[in-house]
Amino acid sequence: MNAADSAGLLLSGIEVAGTLAFALSGFIEATRKRMDIVGVAAVTFFAAFGGGTLRDLLLDQRPFFWVRHVNWLWGLLLLCAAAMLFMRNRHFEPTERAIQWPDALGLGLFTAVGVDRA
């Protein structure tokens with residue numbers, strides 16, 4: 001594996017981690033508002049893919065990254081359903097402080113990927 005391949009693999013991993021961090025952030029906020037599964041999935045989707053979609057629009061990259069990797073969307077919906085079942089069974093109450101960690105992590109990771117893409 002050459003240096004270009006390993007750098008591309010690293011950036012893909014960073015993008016996946018950032019997407020999951022923002023998905024977690026959206027999921028926590030939606031569950032704090034006591035939304036149903038459709039609302040949780042929508043808020044999680046917008047939080048996870050909204051910033052990358054805006055980035056792709058501004059950089060004129062088509063198709064959007066979540067359209068190129070449609071398995072991310074299905075995986076995210078599956079994770080939402082599983083997390084909803086887990087949180088309902090455990091009666092877990094997310095706090096305001098719990099949302100700050102995934103937000104900060106996602107912002108840092110997507111900043112690194114966005115700088116590379118630009």
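Which residues form one aromatic cluster? In this predicted model, residues are numbered from 1 along each chain as its sequence is written, and local features require pLDDT of at least 70, side-chain atom pairs count only at pLDDT 80 or more, and totals for chains, interfaces and linings use all residues. Side-chain values rest on heavy atoms, with hydrogens and water left out.

The cluster is formed by Phe 45, Phe 46, Phe 49, Phe 64 and Trp 66. Rings of Phe, Tyr and Trp (its six-membered ring) pair if their centres lie within 6.5 Å; planes under 30 degrees apart count as stacked, over 60 as edge-to-face and the rest as tilted. Six aromatic pairs are counted by this rule. Among them, Phe 45 and Phe 46 pair edge-to-face, at 5.6 Å centre to centre and 70° between the planes. The pair of Phe 64 and Trp 66 is stacked, with 6.4 Å centre to centre and 20° between the planes.

The largest nonpolar core (buried Ala, Val, Leu, Ile, Met, Phe, Trp, Tyr and Cys residues joined through side-chain atoms within 4.5 Å; buried means under 20% relative accessible area, exposed over 50%, partly exposed in between, with a 1.4 Å probe and protein chains only) has seven residues: Ala 23, Phe 45, Ala 48, Phe 49, Phe 65, Leu 73 and Leu 76. Two or more residues come from each of α2 (37–58) and α4 (70–90), helices being DSSP runs of H or I, at least four residues, numbered from the N terminus. The greatest contribution, three residues, is that of α2. A second, separate core of six residues includes Phe 27, Ala 30, Val 40 and Met 84.
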